[in-house]
Amino acid sequence: MRFAMGLSTCNGRESGNVRKALTDDTTIPERIRTSVVVILIATTGVAIALTYFGASRLFQAQAVSVAASQNALYVRSLNEALKQHQHLPFVIGENRSFSDHVAMGSALELNATLARFAEASELEAIYIMDMDGEVVAASNYRQSNSFLGQNYGFRPYFQLAAAGDRSAYFAIGATTGRPGYFVAEPLTSETGDTVGVVAIKLDISELQASWQERGEQVLATNRDGIVVMSSNPEWLYLTVEDLAPERRAALVDARQFGEEQIARLDWQEGQEGRVNLQGNTFLVTSGPTEYVDWTVHYLTSAASVQRQTILATVVLGAFLSGLIAFSVFLRSRRIQAALDLSQMQRKELERANHSLVVAQEELARSSKLVALGQLAASVTHELGQPISALKNHLFAAEIGGEITSPNTLSSLRRLADRMEATTKQLRFFARQTGEDWATTDLETVINEALDLVRHNLEANEVRVHWTRPEERVRVRCHRLQMEQAVVNLLRNAEMAVRDTPDPEIRITCAEVDTRTVISIADNGPGLMGKDLPTMEEPFFSSRSSGDGMGLGLAITGEILRAHGGHVAAHDNPEGGAVFSLVLPKKDSAP
């Protein structure tokens with residue numbers, strides 16, 4: 001509509017000039033001039049529309065054709081890289097000399113032979129394993145990270161080959177930490193019995209590097225949708241689709257991807273062979289490989305096709321008329337400026353919305369903490385006098401000889417002192433101070449905390465495994481607050497395992513990089529899908545009414561933040577949950 005109005009204005013000016021040049025008896029009927037303008041606008045609009053859609057389909061078809069050719073080249077190069085040594089494990093597996101050495105326990109004599117084979121074949125490694133998965137001969141026996149003596153019985157490729165089947169497998173090396181393609185064959189004796197497994201590791205790093213050097217967007221995914229090769233290193237070992245929990249657990253057990261977390265890649269499949277990847281739209285061309293269950297995806301920027309389409313449309317517009325081309329150019333510039341302004345305003349709105357959400361969350365948290373502070377102040381005030389009275393009665397009972405057992409008197413005094421210290425600690429939520437901070441041995445802190453909850457642990461028959469550090473681990477902290485934090489996590493763990501057969505709690509304390517970590521693991525039901533920020537909210541509790549007020553983690557979180565640290569939590573792979581107190585080292589404490 002704006003384009004039509006621009007043309008009407010221009011043609012209106014031309015019509016005014018024409019009317020001035022005409023005599024009174026040679027006027028052009030208004031009906032004819034209107035028809036010309038309408039026809040011109042309609043013809044121009046149809047031509048531009050046809051050009052745009054025709055060019056869009058043409059350029060997209062060309063891009064898809066080029067992408068298919070390029071993808072075929074990548075698939076072929078990958079097939080060739082994996083194909084060239086497929087026969088070698090079979091040849092070695094059928095060689096009776098190798099099987100005889102393994103059967104007689106003299107496999108070490110094969111090291112030099114395997115080294116020559118690996119050098120001639122340009123393989124990263126050739127190695128032989130016994131039926132337990134232990135490497136008894138390896139081509140890299142002289143290297144510092146030799147496979148010799150390593151056990152790979154957990155690898156699926158070994159398990160399949162040991163069962164008599166040929167296997168191929170991609171994984172990050174458990175010894176070298178480098179990715180590779182493994183091919184394994186059973187090593188059979190003259191009687192046809194399987195006496196071991198021979199495997200090769202093919203280094204595909206050079207192929208990976210060549211993909212990166214070409215500057216194109218290409219990646220290969222395995223059957224689980226995990227990126228195993230990519231021209232963009234940041235995409236490696238991410239998944240383009242959600243993994244089922246049981247499949248993720250199987251990958252972790254097999255250590256196929258080492259320590260990689262296999263996070264989700266921002267990959268959303270669209271219509272007509274398009275995919276949205278990290279905020280960009282691409283045309284995707286995919287093809288399967290021959291020797292492994294992989295799929296190679298070649299990505300073509302949809303923006304480049306769009307740019308070509310717009311360019312063709314603009315060129316045709318220039319041929320139609322200089323005036324129309326100039327008008328289109330001006331308006332396209334204005335539209336682009338408006339779009340940029342709109343994008344900028346949208347981003348500003350998103351930032352404002354994000355700030356509002358953060359502020360709202362902080363306000364809600366602050367409100368809860370204010371309520372918690374008021375509750376703490378009230379409890380401190382109400383319990384202060386009774387505790388003082390209790391201590392006076394104990395003193396009087398001691399003077400009067402009413403308590404005859406020194407151990408009982410000592411225990412009652414410790415309990416009274418602990419109650420008084422706990423009520424003082426509740427002032428932490430009303431006003432934090434740096435008083436009573438000192439360099440403290442964390443082993444002592446943990447031992448004191450265990451003494452406080454030992455009765456409950458023994459009453460519920462909870463086994464405690466306390467792995468003490470080999471060297472003293474010391475931090476600068478408020479000792480009573482740190483004891484309270486440990487007590488809170490121990491109580492939570494004890495409550496979590498009450499309904500668990502053979503309940504147990506494991507405690508560790510160690511320095512990791514620039515942090516000191518106290519970990520408390522239980523074999524209870526785990527986090528059950530809850531995240532730590534939710535569990536740290538004051539008054540949040542997953543237990544039944546009357547079994548705690550939901551303040552333990554809130555108090556612990558505030559104590560840790562005051563110490564420059566934080567609380568961490570995750571599900572225990574062996575079952576249950578692991579809560580950790582993460583603190584700065586002694587020399588970096590606040």
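Biologist: Is Gln 278 buried, partly exposed or exposed in this predicted model?

Modeller: In this predicted model, Gln 278 sits in the loop between strand E9 (274-277) and strand E10 (280-288). Its relative accessible area is 42%, and the partly exposed class lies between the limits of 20% and 50%. Gln 278 is therefore partly exposed.

Biologist: What is the phi of Gln 278?

Modeller: Most residues other than glycine have a negative phi. Gln 278 is a residue other than glycine with a positive value. Its phi is near 50 degrees.

Biologist: Which residue in the loop between H8 and E8 has a positive phi although it is not glycine, and what is the value?

Modeller: The residue lies in the loop between H8 and E8 and is buried, with a relative accessible area of 5%. It is also among the residues that Phe 257 touches. The residue is Ile 262, with phi near 55 degrees.

Biologist: Which residues have the most contacts inside the largest nonpolar core?

Modeller: In soluble globular proteins, nonpolar side chains tend to be buried together. The largest nonpolar core here has 57 residues, and helix H2 (residues 30-83) gives the most to this core, with six residues. Apart from this core lies another, of 37 residues, among them Leu 442, Met 482, Val 487 and Leu 527. Within the largest core, the residues with the most contacts are Ile 128 and Phe 257.

Biologist: Which residues does Phe 257 touch, not counting residues up to four places away in sequence?

Modeller: Phe 257 is one of the residues with the most contacts inside the largest nonpolar core. Not counting residues up to four places away in sequence, Phe 257 touches Phe 170, Ile 172, Asn 222, Ile 226, Val 228, Tyr 237, Leu 251 and Ile 262.

Biologist: What separates the C-alpha atoms of Ala 184 and Ala 168?

Modeller: Ala 184 is found in strand E4 (residues 179-188) and is buried, with a relative accessible area of 0%. Leaving aside neighbours within four places in sequence, Ala 184 is in contact with Tyr 157, Ala 161, Asp 165, Arg 166, Ser 167, Val 197, Val 198 and Ala 199. Ala 184 and Ala 168 are 16 residues apart along the chain, and their C-alpha atoms are separated by 6.3 Å.

Biologist: Within what arc do the buried residues of H7 fall?

Modeller: An α-helix has 3.6 residues a turn, so residues three or four places apart point the same way. In helix H7 (residues 205-214), the buried residues are Leu 207, Gln 208 and Trp 211. Seen down the axis of H7, these residues line one face of the helix, because they fall within an arc of 105 degrees.

Biologist: Which exposed residues does the face of H7 turned away from its buried side carry, and which residue follows H7?

Modeller: The face turned away from the buried side carries the exposed residues Glu 206 and Glu 213. The residue that follows H7 has a positive phi, near 75 degrees, and is Gly 215.

Biologist: How many residues apart in sequence are the parts that Lys 201 and Glu 124 tie together?

Modeller: The side chains of Lys 201 and Glu 124 meet in a salt bridge with an N to O distance of 3.3 Å. Both Lys 201 and Glu 124 are buried. Lys 201 lies in strand E5 (residues 194-202) and Glu 124 in the loop between helix H5 (111-121) and strand E1 (125-129), so the pair ties together parts that are 77 residues apart in sequence.

Biologist: Is Asp 242, which meets Arg 264 in a salt bridge, buried or exposed?

Modeller: The side chains of Arg 264 and Asp 242 meet at 2.9 Å, N to O. Arg 264 counts as partly exposed at 36% relative accessibility. Asp 242 has 62% relative accessibility and counts as exposed.

Biologist: Which residues do salt bridges that share partners join into one network with Glu 504?

Modeller: Glu 504 and Arg 506 meet through their side chains in a salt bridge of 3.3 Å, N to O. Glu 504 counts as buried at 14% relative accessibility, whereas Arg 506 is partly exposed at 41%. The network joins Glu 504 with Arg 463, Asp 502 and Arg 506.

Biologist: Which residues make the nonpolar surface patch of about 350 Å²?

Modeller: One member lies in helix H9 (residues 302-320) and is exposed, with a relative accessible area of 55%. That member is Leu 311, and the patch is made by Leu 311, Val 315 and Phe 319.

Terms used: Residues numbered from 1 in each chain as written. Predicted model: local features only at pLDDT ≥ 70, side-chain atom pairs only at ≥ 80, totals over all residues. Heavy atoms only, no water. Buried < 20%, exposed > 50% of the residue type's maximum accessible area, 1.4 Å probe, protein only. Helix = DSSP H or I, 4+ residues; strand = E, 2+ residues; numbered from the N terminus. Arc of directions from axis to C-beta. Core = buried A, V, L, I, M, F, W, Y, C linked by side-chain atoms within 4.5 Å. Contact = heavy atoms within 4.5 Å. Patch = residues over 30% accessible without salt bridge, like charges linked within 9 Å, V, L, I, M, F, W, Y side chains within 5 Å. Areas by Shrake-Rupley, 256 points an atom, 1.4 Å probe, with all protein chains shown as cover. Salt bridge = Lys/Arg side-chain N within 4 Å of Asp/Glu carboxyl O.
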